[in-house]
Amino acid sequence: MSFQAYLDKIEEKTGRTPRELVELARERGFEGPATKAGPVADWLKEDYDLGRGHAMALVHVIKNGPKISTKHVGSTGVHRDPTDTLWLDGKATNPVKG
């Protein structure tokens, strides 16, 4: 599953875009590189029933923003992403499909 696919699935499961969840995380004090994954994962499990893998995808965005490694960009594997910048504003409005 690609990184973007994780975020799209989070949106399906929660009814919130990744950007909305990042804002809610900020309101809870989760922001920036010092953010610990455990408390974020616990919050997402309790409020949205998200599993650890999906929570970790969102933790990455909370800590690092929407940029990801180019390791799988343009590759042909199942983890490929079409770009190194994740779309946080909802899958229906994503201009890059893939």
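The points below are a colleague's notes on the fold, core, pocket and a few individual residues of a predicted model.

1. Overall architecture. The protein contains four helices and zero strands, and from the N terminus on its elements follow the order α-α-α-α. The helices that will recur in these notes are α1 (3-14), α2 (18-27), α3 (37-48) and α4 (52-64), each of which gives two or more residues to the largest nonpolar core.

2. Overall dimensions. For 98 residues, a compact globule would be expected to have a radius of gyration near 13 Å, and since the protein has 13 Å, the two agree. The C-alpha trace spans about 35 × 25 × 20 Å along its principal axes, and 37% of the 98 residues count as buried. When contacts with a separation of 6 or more are considered, residues 24 or more positions apart account for 55% of them.

3. The nonpolar core. The largest nonpolar core has 22 residues, and those that touch the most other members are Leu-7, Val-40, Trp-43, Leu-44, Leu-58 and Ile-62. The elements giving two or more residues to this core are α1, α2, α3 and α4. For Val-40, once its neighbours within four places in sequence are left aside, the contacts are Phe-30, Thr-35, Val-59 and Ile-62; Ile-62 is thus both a contact of Val-40 and another of the core residues named for touching the most other members.

4. The largest pocket. This pocket holds about 240 Å³ of space, and of the 14 residues lining it, Ser-2, Phe-3, His-72, His-79 and Asp-81 are the closest to its centre. The elements that give two or more residues to the lining are α1 and α4, with α4 supplying the largest share, three residues. By class, the lining comprises six nonpolar, six polar and two charged residues.

5. Tyr-6 and the approach to His-54. Tyr-6 belongs to helix α1, and because its relative accessibility is 28%, it counts as partly exposed rather than buried. Its C-alpha atom is separated by 6.0 Å from that of His-54, although the two residues are 48 residues apart along the chain. Not counting residues up to four places away in sequence, Tyr-6 touches Met-1, Gly-53, His-54 and Ala-57, so that His-54 appears both in the C-alpha separation and in the list of contacts.

6. Asn-94, buried or exposed? With a relative accessible area of 10%, Asn-94 is buried, because it falls under the 20% limit. Asn-94 is found in the segment after α4, and, leaving aside its neighbours within four places in sequence, it is in contact with Gln-4 and Trp-87.

7. Backbone at Asp-49. Which residue other than glycine has a positive phi, near 55 degrees? Asp-49 does, and its place is in the loop between α3 and α4. This sign deserves a remark because most residues other than glycine have a negative phi. Asp-49 is also exposed, since its relative accessible area of 51% is over the 50% limit.

Methods. Residues are numbered from 1 along each chain as its sequence is written. This is a predicted model: local features need pLDDT of at least 70, side-chain atom pairs count only at pLDDT 80 or more; totals for chains, interfaces and linings use all residues. Side-chain values use heavy atoms; hydrogens and water are left out. A nonpolar core is a set of buried Ala, Val, Leu, Ile, Met, Phe, Trp, Tyr and Cys residues joined through side-chain atoms within 4.5 Å. Buried means under 20% relative accessible area, exposed over 50%, partly exposed in between (1.4 Å probe, protein chains only). Contact means heavy atoms within 4.5 Å. On a 1 Å grid over the protein atoms alone, a cavity is a set of points where a 1.4 Å probe fits but cannot get out, and a pocket is an open set with protein on both sides within 12 Å along at least five of seven lines; lining residues have an atom within 4 Å of a point. Grid points are joined across faces, edges and corners, and a volume is the space filled by probe spheres set on the points. Ala, Val, Leu, Ile, Met, Phe, Trp, Tyr, Cys and Pro count as nonpolar, Asp, Glu, Lys and Arg as charged, and the others, Gly among them, as polar. The radius of gyration is taken over C-alpha atoms; the globule rule is 2.2 Å times the number of residues to the power 0.38.
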